[in-house]
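Reader: I keep running into words like "buried" and "core" and I'd like to see how somebody decides when to use them. Could you walk me through one example?

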Amino acid sequence: MKTLKIAIQKSGRLNEKSVELLKYCGLSFDNYKSSLITSVSNFPLEILFLRDDDIPEYVQDGIADLGIVGENVIQETEVEVSYLQRLGFGRCSLKIAVPNAHNFKDVSELNGKSIATSYPVILGKFLKEKGIKADIRTISGSVEISPGLGLSDAICDLVSTGGTLKSNGLKPFTDVMSSEAMLIGRPGIEIEELVKELIQRVQSVLRAKETKYVVLNAHKDHLKSIIDLLPGVKSPSVVSLAEEGWVAVHTVIPERDFWDRISLLKQAGAQGIVVMPIEKIIL
Ligand code: PRT
Ligand code: ZN
């Protein structure tokens with residue numbers, strides 16, 4: 001049987017979450033920090049550990065069939081790959097930032113200015129779209145210090161908490177792109193059965209992360225108003241309790257409006273609410 005290869009980041013911001021996702025997919029493998037490649041014992045898959053910058057090209061060229069990497073890196077390397085699944089981690093945005101003292105109001109004010117970045121391709125396209133002629137200075141790291149050193153008027157860099165900008169006396173000016181980790185594949189590979197199986201596993205893990213399993217007790221008199229508050233899946237299951245007139249309701253609740261829904265359920269008469277994480281949801 002064919003063995004697939006997936007490339008993930010060896011170390012850095014996406015490594016831990018990528019390994020965790022593959023483990024949640026039920027894949028069993030050793031994750032030694034020193035190894036560059038490891039085999040999955042219960043699925044025909046090998047995992048390659050690489051620098052994130054190399055992953056898109058490895059996938060495009062077929063050295064790896066699949067990869068997990070930030071959208072920012074994919075777009076910067078301008079490769080032809082299939083976007084198979086957004087993964088919901090490694091979220092950040094690529095922003096142009098300027099020194100706090102600047103009072104820029106409009107992006108057109110970047111005309112004639114210099115902007116330091118490690119993302120010259122993405123920034124170049126953005127500026128072209130906006131009809132702005134600026135001097136892009138490509139540097140590979142510590143972009144945030146360049147205005148302070150007098151090397152550029154502005155920067156274009158990834159931001160997550162905004163702490164790095166703040167501590168360097170910079171403020172965000174305009175968003176260039178938002179990014180998150182993405183499962184990518186060699187173009188056309190998504191029709192292969194093994195790949196379909198893996199994508200299905202990934203999706204079942206992601207669905208589970210977005211949902212909680214909830215069990216609550218209620219008097220039968222409150223059951224209708226409680227059920228009216230629950231999302232329209234096939235659940236809930238309603239089970240009689242030993243105490244006459246009482247039931248236990250089992251259901252799933254989306255993470256995004258979890259607390260609002262729980263408080264409405266309590267107001268409607270729910271008691272003894274137990275909340276559990278879900279490992280997988282297979283449709
Ligand atoms: O060694 P390798 O080349 O594999 O890793 P790397 O050092 O190039 O990348 P790494 O591990 O730093 O980031 C991997 C991916 O994580 C990026 O390509 C993004 O898709 C994603 N990501 C998410 C981020 C951030 N958030 C992020 N905040 N990548 C970098 N940063 C940096 C940013 O460049 C800036 O220096 O963090 C700083 C800003 O963070 P805040 O929280 O202060 O705003
Ligand atoms: Zn990198």
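Author: Here come some questions and answers about the words used for this structure. Keep in mind that this is a predicted model.

Reader: Okay, let's start with L45. Why is L45 called buried?

Author: L45 has a relative accessibility of 2%, and buried means under 20%. So 2% falls on the buried side of the cut-off, and L45 gets the label. You'll find L45 in strand 3, which covers residues 45-50.

Reader: What makes a residue count as one that L45 touches?

Author: Contact means heavy atoms within 4.5 Å. Leaving out residues up to four places away in sequence, L45 touches T3, L4, K5, I6, L27, T38, S39, V40 and L198. On top of that, the C-alpha atoms of L45 and K2 are separated by 8.7 Å, though the two are 43 residues apart along the chain.

Reader: What makes a group of residues a nonpolar core?

Author: The members have to be buried residues of certain kinds, Leu and Ile among them, joined through side-chain atoms within 4.5 Å. The largest such core here has 30 residues, and I6, L27, L45, I47, L66, I68 and L87 touch the most other members. Strand 1 (4-9), helix 1 (15-24), strand 3, strand 4 (66-70), strand 11 (181-185) and helix 6 (193-209) each supply at least two residues of this core. Helix 6 gives the largest share, seven residues.

Reader: Which residues does I68 touch?

Author: Again skipping residues up to four places away in sequence, the contacts of I68 include I6, I8, L21, L87, F89 and L183. There is also a second, separate core of 18 residues, with F104, L110, C156 and F173 among them.

Reader: How do you know that strand 11 is largely enclosed by the rest of the structure?

Author: Just count: five of the five residues of strand 11 are buried, so the strand is largely enclosed. Both of its faces are covered, with A181, L183 and G185 buried on one side and M182 and I184 buried on the other.

Reader: Why would neighbours along a strand end up on opposite sides?

Author: In a regular strand the side chains alternate between the two faces of the sheet.

Reader: What makes strand 4 and strand 11 a pair?

Author: Two strands pair if there are at least two bridges between them. Strand 4 and strand 11 are joined by five bridges, so they pass, and they run antiparallel. One of the matches is L66 with its bridge partner G185 in strand 11. Strand 5 (residues 82-86) also pairs with strand 11 in the antiparallel sense, over four bridges. There, R86 stands opposite M182.

Reader: How do you know that Q9 makes a polar contact with ligand 1?

Author: The cut-off for a pair of N or O atoms is within 3.5 Å. A polar side-chain atom of Q9 lies 2.9 Å from an oxygen atom of ligand 1, so the pair qualifies. D157 also has a polar side-chain atom 3.4 Å from a ligand 1 oxygen atom, while G163 has a backbone N or O atom at 3.4 Å from one. Of the 22 residues around ligand 1, D53, N72, T161, G162 and T164 come nearest.

Reader: Is Q9 buried or exposed?

Author: Q9 counts as buried, because its relative accessibility is 8% and the limit is 20%. Q9 is found in strand 1, and its side chain also reaches the backbone oxygen of S11 at 3.2 Å.

Reader: Why is E78 called partly exposed?

Author: The relative accessible area of E78 is 49%. Exposed means over 50% and buried means under 20%, so E78 lands in between. E78 lies in the loop between helix 3 (71-77) and strand 5, and its phi is near 50°, a positive value in a residue other than glycine. S142 is partly exposed too, with 45%. S142 has a positive phi of about 45° although it is not a glycine, and it lies in the loop between strand 8 (135-138) and strand 9 (154-159).

Notes
Residues numbered from 1 in each chain as written. Chains lettered and ligands numbered in written order. Predicted model: local features only at pLDDT ≥ 70, side-chain atom pairs only at ≥ 80, totals over all residues. Heavy atoms only, no water. Buried < 20%, exposed > 50% of the residue type's maximum accessible area, 1.4 Å probe, protein only. Near = heavy atom within 4 Å. Polar contact = N/O pair within 3.5 Å; in protein donor to acceptor, adjacent residues only side chain to side chain.
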